Amino acid sequence: MKKNLETYNQKRNFTKTKEPIGKKEPSKRKLRFVVQHHLARKDHYDFRLELHGSLLSFAVPKGPSYNTQDKRLAIHVEDHPLEYRNFEGTIPKGEYGGGTVMIWDEGTWTPLDKDPALAFKNGILKFSLEGKRLKGKWSLIHFKEENWLLRKEKDSVKGFKDIKRFTRSIRTKRTMREIETNAPKRQITKEEMANIEITNPDKIISRNPKITKMDLVHYYQKVLPRMMPFLEKRLMSTIRSPNGMEGEKFYKKHFEASNQNLRKIYIPSDSNKKEDYYSIKNPVGLLQEVQMNGYEFHLWGSKIPKILKPDMLVFDLDPDQNLSLEKVRQGVKDLKSILEELSLVSFLKTSGGKGYHIVVPMTSLKNWKEARDFAQNIAKIMEIKWPLRYTSNVRMKSRKGKIFIDWIRNTKGATSVAPYSVRLKKKLSVSMPIRWSELDKIKPDEITLDLALKRLKRKDPWENFFDISQ
Ligand code: MN
């Protein structure tokens with residue numbers, strides 16, 4: 001059976017589907033591959049390798065597995081046009097492949113045979129993948145008719161254990177549902193913005209540099225597409241500062257009905273009473289908080305509905321007064337080295353104050369006690385390894401000349417400042433995600449609103465934050 005683009009075009013009605021029309025394209029030097037998670041009549045993953053100007057395609061019902069013992073059925077289907085690798089969206093019901101397509105992984109591939117087309121014809125195609133979720137050596141082995149087996153070859157590459165953990169598009173970060181409802185990580189629409197009345201827009205929040213309330217509204221408006229994934233379904237506390245940075249500040253920890261875009265969540269407290277907390281429902285909810293003079297946002301380390309199961313750890317390095325920035329940076333590096341010994345991936349952000357925050361996505365924690373014990377142990381290891389530099393003891397007396405490795409925020413109900421949140425510290429700055437390589441270049445309170453917005457145009461330094469499972 002001929003499985004070329006002609007078959008592809010014959011199967012589709014292009015007046016009804018937004019999938020691209022099949023035409024051959026010349027190959028660029030590096031061959032590309034894509035894996036598309038396809039929720040159709042049957043849930044499957046489409047595995048596509050660029051070859052001679054189109055995409056050699058397989059439907060893999062269970063998706064690829066890093067376990068070298070697993071042989072995953074891969075059904076050879078018609079070639080797809082190269083452009084198909086960019087397709088993410090819905091295919092109308094009743095049409096061929098009707099359902100939702102998510103770009104699950106993408107990258108380049110290298111055939112391990114000189115002539116991959118011939119290798120394919122002979123029934124054994126070996127290759128390496130350079131994707132974000134799929135890496136290392138793999139093979140496709142023919143066994144009968146259109147049925148092939150996709151298999152991980154032995155090498156040093158370790159990957160995910162459970163494919164189901166990845167629920168977002170590698171390219172647009174959208175979930176299947178968001179793709180279906182065509183809700184991208186969106187900007188706030190003009191209509192929505194018009195519905196928020198900003199009172200006292202010219203109110204001075206910071207004198208030097210001069211920043212007004214409206215400046216903060218604009219900042220959050222622009223940063224929200226990047227910030228929302230961190231806020232979504234997370235309980236939060238807001239710091240309100242009705243009279244600007246120099247005025248009195250209030251912590252808003254409990255739900256208030258005045259903002260209709262807040263979700264109320266009851267949590268049993270230790271005394272068995274129920275307390276009401278909140279999370280924001282959507283970007284507008286956050287801007288309404290800003291309207292109500294809430295400028296700083298602090299988050300729980302767990303997500304609704306699994307409030308009692310933390311999914312990230314945050315370490316704050318809290319230096320004694322007058323300790324040099326160099327020593328704080330050394331502390332961050334030392335902490336990272338301990339995490340690396342444990343094979344944990346971590347992310348860095350400026351605190352907006354005196355230090356840095358190290359954030360560790362932790363999908364395997366069972367409860368808050370485990371999170372707290374784990375974080376405390378890391379702090380203790382640092383204290384034992386470098387007793388003159390670090391302390392895990394919260395008491396001020398034991399901090400003299402040292403850095404307190406603050407593990408205490410990894411407890412139920414504790415919060416830490418959200419990525420991209422403004423800080424109303426000595427000067428107004430942002431708690432900004434940065435690259436590890438930028439640690440020595442960026443001061444903890446250096447990122448102003450302007451700098452933060454400029455940095456948004458660059459690649460997201462925490463791009464794979466939500467892909468980590470560890
Ligand atoms: Mn498919």
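Biologist: How are the donor residues of the manganese ion spaced in sequence?

Modeller: The spacing of the donor residues is H-x5-H-x1-D. This is a predicted model, in which local features need pLDDT of at least 70, side-chain atom pairs count only at pLDDT 80 or more, and totals for chains, interfaces and linings use all residues. Residues are numbered from 1 along each chain as its sequence is written, and side-chain values use heavy atoms, with hydrogens and water left out.

Biologist: What makes His38, His44 and Asp46 donor residues of the manganese ion?

Modeller: Donors are N, O and S atoms within 2.8 Å of the metal (3.2 Å for Na, K and Ca). The manganese ion is coordinated by ND1 of His38, NE2 of His44 and, listed twice, OD of Asp46, at 2.2 to 2.8 Å, so these atoms count as donors. Water is not among the atoms, so the site may look incomplete.

Biologist: Why is His44 called buried?

Modeller: Buried means under 20% relative accessible area, exposed over 50%, and partly exposed in between (1.4 Å probe, protein chains only). His44 has 14% relative accessibility, so His44 counts as buried.

Biologist: Is Asp46 buried or exposed?

Modeller: Asp46 has a relative accessible area of 6% and is therefore buried.

Biologist: Why is Lys425 called partly exposed?

Modeller: Its relative accessibility is 40%, so Lys425 counts as partly exposed. Lys425 lies in the loop between strand E25 (422-424) and strand E26 (428-430). Strands (E, at least two residues) and helices (H or I, at least four) are DSSP runs, numbered from the N terminus.

Biologist: What is notable about phi of Asn200?

Modeller: Phi of Asn200 is near 50 degrees, a positive value in a residue other than glycine. Most residues other than glycine have a negative phi. Asn200 sits in the loop between helix H4 (190-194) and E10. With a relative accessible area of 51%, Asn200 is exposed.

Biologist: Why is Tyr420 called buried?

Modeller: Tyr420 has 0% relative accessibility and therefore counts as buried. Its phi is near 75 degrees, again a positive value in a residue other than glycine. Tyr420 is in the loop between strand E24 (416-417) and E25.

Biologist: Which residues does the peptide bond with omega near 0 degrees join?

Modeller: That bond runs from Asn208 to Pro209 and is cis. Pro209 lies in the loop between strand E10 (204-206) and strand E11 (211-212). A cis peptide bond also joins Ile304 and Pro305, with omega about 5 degrees. Most peptide bonds are trans.
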